[in-house]
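Got the viewer open and a cartoon view switched on? Let's walk through this one stop at a time, selecting as we go.

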Amino acid sequence: MIRVELAYAEADRQVLLALDVPRGSTVREVAVASGLQAQFPQLDLSESPLGIFGKLIADPQRRVLEEGDRVEIYRALLADPKEVRKQRAERARLREQGESQA
């Protein structure tokens, strides 16, 4: 057995589980077996993007976990960060224009 962590977060709720899993377990196997689906019914652990320590895993069905790995379950972004920055910059530019005209 090895010890790994599993992390998932929503805007108002976060979960970090410490799990003992059989050596040779894959990222996807651990996510599906974690039981998080019961706590977050909208979460599809068979399809969710997964990572380890902030790095997306391209093939979580094959990536075998190592002692101490932290599996992260990613959810879809509500807004594109680049688009949010552009909108913020545009609002700031308009504010500055308004202040300089006053």
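Start by selecting β1 and β5: these two strands run parallel and are joined by 4 bridges. One thing to keep in mind as you click around is that this is a predicted model. Within this pair, find Ala7, which stands opposite Glu72 in β5.

Now add β3 to the selection. β3 and β5 are joined by 3 bridges, this time in the antiparallel sense. Here Gly51 is the residue standing opposite Glu72. If you want a reminder of the chemistry, strands of a sheet pair through backbone hydrogen bonds, either parallel or antiparallel.

Next, bring in β4. It pairs with β3 in the antiparallel sense, over 2 bridges. Click Ile52 and look across: Lys55 in β4 stands opposite.

**Zoom out to the whole sheet**

In what order do the strands of the open sheet lie? Add β2 and read across: the order is β2-β1-β5-β3-β4, 5 strands with mixed pairing. The edges are β2 and β4 (residues 55-56), each of which pairs on one side only.

**Stop at Glu72**

Go back to β5 (residues 70-73) and show the side chain of Glu72, which sits in that strand. Is Glu72 buried or exposed? Its relative accessible area is 10%, and the cut-off for buried is under 20%, so Glu72 counts as buried.

Select what surrounds it. Leaving out residues up to four places away in sequence, Glu72 touches Ala7, Pro49, Leu50, Gly51, Ile52, Phe53 and Gly54. Then turn on the side chain of Arg70, which makes a polar contact of 2.5 Å with the side chain of Glu72.

**Phe53 and its backbone**

From that list, pick Phe53. It is in the loop between β3 and β4. Check its backbone angles: phi is near 50 degrees, a positive value in a residue other than glycine. For context, most residues other than glycine have a negative phi. At 47% relative accessibility Phe53 falls between the 20% and 50% limits, so it counts as partly exposed.

**Into the core**

Now show nonpolar side chains. In soluble globular proteins, such side chains tend to be buried together. Which residues have the most contacts inside the largest nonpolar core? Select Val4, Leu6, Leu36, Leu65 and Ile73; the core has 20 residues in total. The elements giving two or more residues to it are β1 (2-10), β2, α1, β3 (50-52) and β5. β1 gives the most, with 4 residues.

Center on Leu65 and select its surroundings. Not counting residues up to four places away in sequence, Leu65 touches Ile2, Val4, Ser25, Thr26, Val27, Val30, Ile52 and Val71.

**Follow Leu65 to Ser25**

One of those contacts is Ser25, so click there next. Ser25 lies in the loop between β2 (13-21) and α1 (27-33). Its relative accessibility is 10%, which is under the 20% cut-off, so Ser25 counts as buried. Where does its side chain reach? To the backbone oxygen of Pro22, at 2.7 Å. Setting aside neighbours within four places in sequence, Ser25 is in contact with Val30, Arg63, Val64 and Leu65.

**Out to α3**

Now select helix α3 (residues 81-101) and find Arg85 in it. At 48% relative accessibility, Arg85 counts as partly exposed. Draw a distance from its C-alpha to that of Lys55: the two are 23 Å apart in space and 30 residues apart in sequence.

**Last view: the whole chain**

Clear the selection and color by secondary structure. There are 3 helices and 5 strands, and along the sequence they follow the pattern β-β-α-α-β-β-β-α. The C-alpha atoms fill a box of roughly 70 × 25 × 20 Å along the principal axes. The radius of gyration is 20 Å, whereas a compact globule of 102 residues would have one near 13 Å.

Switch to a surface to finish. The protein exposes about 7,100 Å², with carbon and sulfur atoms supplying 52% of it. Buried residues make up 30% of the 102 residues. Among contacts with a separation of 6 or more, 46% come from residues 24 or more positions apart.

Technical notes
Residues numbered from 1 in each chain as written. Predicted model: local features only at pLDDT ≥ 70, side-chain atom pairs only at ≥ 80, totals over all residues. Heavy atoms only, no water. Buried < 20%, exposed > 50% of the residue type's maximum accessible area, 1.4 Å probe, protein only. Polar contact = N/O pair within 3.5 Å; in protein donor to acceptor, adjacent residues only side chain to side chain. Contact = heavy atoms within 4.5 Å. Core = buried A, V, L, I, M, F, W, Y, C linked by side-chain atoms within 4.5 Å. Pairing = 2+ DSSP bridges. Rg over C-alpha atoms; globule rule 2.2 N^0.38 Å. Areas by Shrake-Rupley, 256 points an atom, 1.4 Å probe, with all protein chains shown as cover.
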